[in-house]
Amino acid sequence: MSDSHDAGQRQPRLRVLVYSDDVNVRQQVILALGRRPHPDLPELQYVEVATEPVVLQNMDAGGIDLAILDGEAVPAGGMGIAKQLKDEIYRCPPILVLIGRPQDAWLATWSRAEAAVPHPIDPLRLAEAVTSLLRPRVPATIATT
């Protein structure tokens, strides 16, 4: 076994779904967060998604710890998808929406997303929001190792 495989067994990864129809937005999110946005969190494993049906399929299957949805995606925007997920999935994991401008925060509230971060993506702001949403999902024994 390789060292990286052993490390993965000691500390499970958190699965983060990143949805946008724009590959550049998905890459900006992943680059902004990196493998581990905060020392209290285990490494992140990203699930990149470009279409609404695949978002729904992944979320229905379970195993996602956080969904980051692009509110500016077309034809299905992240806020509408967030609302649908919150309405349809029992114990839906936290959702962060990327909004076009800070004034759209009220729409994120309507969608029942737990957090919103405006475009252009600020890596520090995104990491803070993601950390606050993921920290409660990490058992204390993992967070302190």
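**A tour of salt bridges and one helix**

Begin by selecting E43 and R35, whose side chains meet in a salt bridge with a nitrogen-to-oxygen distance of 3.9 Å. Please keep in mind throughout that the model on the screen is predicted. Colour the two residues by how much of their surface is accessible: E43 is partly exposed, at 26% relative accessibility, whereas R35 is exposed, at 60%. Now add R13 to the selection. R13, R35 and E43 are linked in a network of salt bridges. In total, the structure holds nine salt bridges, and two further examples follow.

**Across the sequence**

Next, select R135 and D40. These residues form a salt bridge in which the closest N and O atoms are 3.2 Å apart. R135 lies in the loop between α6 (123–134) and α7 (140–143), and D40 lies in the loop between α2 (23–33) and β2 (44–49), so the pair ties together parts that are 95 residues apart in sequence. Both partners are partly exposed: R135 has a relative accessible area of 36%, and D40 has one of 28%.

**Within a helix**

Move to helix α4, residues 78–88, and display K83 and D87. Where do K83 and D87 stand with respect to each other along α4? They are four residues apart in the helix, which means that about one helical turn separates them. Their side chains meet in a salt bridge, at 3.5 Å from N to O. K83 is partly exposed, with 22% relative accessibility; D87 is also partly exposed, with a relative accessible area of 47%.

**The two faces of α3**

Finally, select helix α3, residues 52–61, and show the side chains of V55, L56, N58 and M59, which are buried. Why do these four belong to the same side of α3? They cover an arc of only 165 degrees around the axis, and therefore they are placed on the same side of the helix. To see what surrounds them, display β1 (14–19), β2, β3 (66–70) and α4: the buried residues of α3 pack against these elements. The helix α4 shown here is the one that contains K83 and D87.

Then rotate the view to the face of α3 that is turned away from its buried side. This face carries the exposed residues P53, Q57, D60 and A61. To end the tour, step to G62, which follows α3 and has a positive phi, near 85 degrees.

Definitions and conventions. Residues are numbered from 1 along each chain as its sequence is written. This is a predicted model: local features need pLDDT of at least 70, side-chain atom pairs count only at pLDDT 80 or more; totals for chains, interfaces and linings use all residues. Side-chain values use heavy atoms; hydrogens and water are left out. A salt bridge is a side-chain nitrogen of Lys or Arg within 4 Å of a carboxyl oxygen of Asp or Glu. Buried means under 20% relative accessible area, exposed over 50%, partly exposed in between (1.4 Å probe, protein chains only). The arc is that of the directions from the helix axis to the C-beta atoms. Contact means heavy atoms within 4.5 Å.
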